[in-house]
Amino acid sequence: MYELKQVGKNTYYIESPAKIGIYVTEDSSVYLIDSGNDKEAAKKVKKILEAKNWKLKAILNTHSNADHIGGNRYLQNQTHCKIYAPAIEDAFTRHPILEPSFLYGGYPCKDLRHKFLMAKESDATPITDPDFPKEIEILPLPGHFMNMVGYKTKDEVIFLADCLSSKQTLDKYQISFIYDVEAYLKTLETVKNLQAKCFVPSHANACEEISTLAEINIQKVYEIANTILAICQNETTEAELLKTIFDTYDLTMNFEQYVLVGSTIRSYLSWLKDTGKIDAFFQDNCLVWKTKS
């Protein structure tokens, strides 16, 4: 863990829970793609850069989930580097209380205000800023989170952020977090057709071919959607649906899983309703879901 891997002439990544990308310019300046999940991760990143005599110029955040921006503040304080983030994601980066608040749907209790869901705040500049590095191409990858992007280096290496998971991760956790199911599926179809010398997903192995894994993730989305539709053949409240989902996939409920899986299931319900596959109505002061026959 935290080993430096070279995948192009000037492109590297650090093997970590959420892979951290590195692009080195001709003057040994470095653009970091995401920053790890906390201060301790950032310290390890800084040590790697110093061992190579690389100077951190900027952090390019793919999105604002805490495991991708958790090292921002430490590295920014230590090096005075700039941080770039996509629109909306930059607001979450500057005000990280927004992530657990968004997931919970209200002010989050202490059980949700921790480093896994709420990073330390850092000063972020939009990726539309004219000073954003010209060496890096921005690839819109919405769906997993509000305005997530990937980055492509001049070495034809694409950092895919969280737009897909490894098969092992899908088998273990079953339900990956998704904010917008329709956008997520469109992103995966786009990813299937991308061309690059190397793809670096945050939570899967780096590889030269990505379409197979993208298709596995697509099929998982449809599997979960069909499971929801099967459960809602009978009138079902959200609480009943969530419990059945946890039981079906042998998941264990806790505060983190309640907000992550719960928010994702609500996103599925929105997509299924908008596409005419499920109805919602109010009965006895409860919101009830019913699959259309």
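For the residue classes used here, Ala, Val, Leu, Ile, Met, Phe, Trp, Tyr, Cys and Pro count as nonpolar, Asp, Glu, Lys and Arg as charged, and the others, Gly among them, as polar. With that settled, here are the close-ups, all taken from a predicted model.

**View 1. The second largest pocket, with its lining sorted by class.** Going by those classes, 7 polar residues line this pocket, along with 5 nonpolar and 4 charged ones. The volume comes out at about 270 Å³. There are 16 lining residues, and the ones closest to the pocket centre are Ser 166, Gln 168, His 203, Ala 204 and Asn 205. Two elements give two or more residues each to this lining: helix 6 and strand 11 (198–203). Helix 6 has the largest share, with 3 residues.

**View 2. The largest pocket, looked at from its centre outwards.** This one holds about 960 Å³ of space. Its lining runs to 30 residues, with Asp 67, Tyr 173, His 203, Gln 257 and Leu 260 closest to the centre. If His 203 rings a bell, that's fair: His 203 is also among the residues closest to the centre of the second largest pocket. Sorted by class, the lining of the largest pocket has 15 nonpolar, 9 polar and 6 charged residues.

**View 3. The largest pocket again, now with the elements and domains around it.** Helix 2 (66–69), helix 5 (98–104), strand 10 (157–165), helix 6 (167–173) and helix 10 (255–274) each put two or more residues into the lining. Helix 10 gives the most, at 4 residues. Why does the pocket lie between domain 1 (3–222) and domain 2 (223–291)? Both domains give residues to the lining, so the pocket sits between the two of them.

**View 4. An open sheet of 3 strands, in the order 12-14-13.** The pairing here is antiparallel. Strand 12 (236–237) and strand 13 (278–283) are the edge strands; each has a single partner strand, so one side of each goes without a neighbour in the sheet.

**View 5. Strand 13 and strand 14, with helix 10 packed on the sheet.** Strand 14 (residues 286–291) pairs with strand 13 in the antiparallel sense, and 6 bridges join the two. To pick out one bridge, find Phe 282: its partner is Leu 287 in strand 14. Helix 10 packs on this sheet and touches both strand 13 and strand 14. The direction of helix 10 makes about 110° with that of strand 13. That's the helix from View 3, the one that gives the most residues to the lining of the largest pocket.

Methods. Residues numbered from 1 in each chain as written. Predicted model: local features only at pLDDT ≥ 70, side-chain atom pairs only at ≥ 80, totals over all residues. Heavy atoms only, no water. 1 Å grid on protein atoms, 1.4 Å probe; cavity = no way out; pocket = protein on both sides within 12 Å on 5 of 7 lines; lining within 4 Å. Points joined across faces, edges and corners; volume = space filled by probe spheres on them. Domains from an automatic or database assignment. Pairing = 2+ DSSP bridges. Contact = heavy atoms within 4.5 Å. Axes fitted to C-alpha atoms, helices over the stretch in contact; angles between N-to-C directions.
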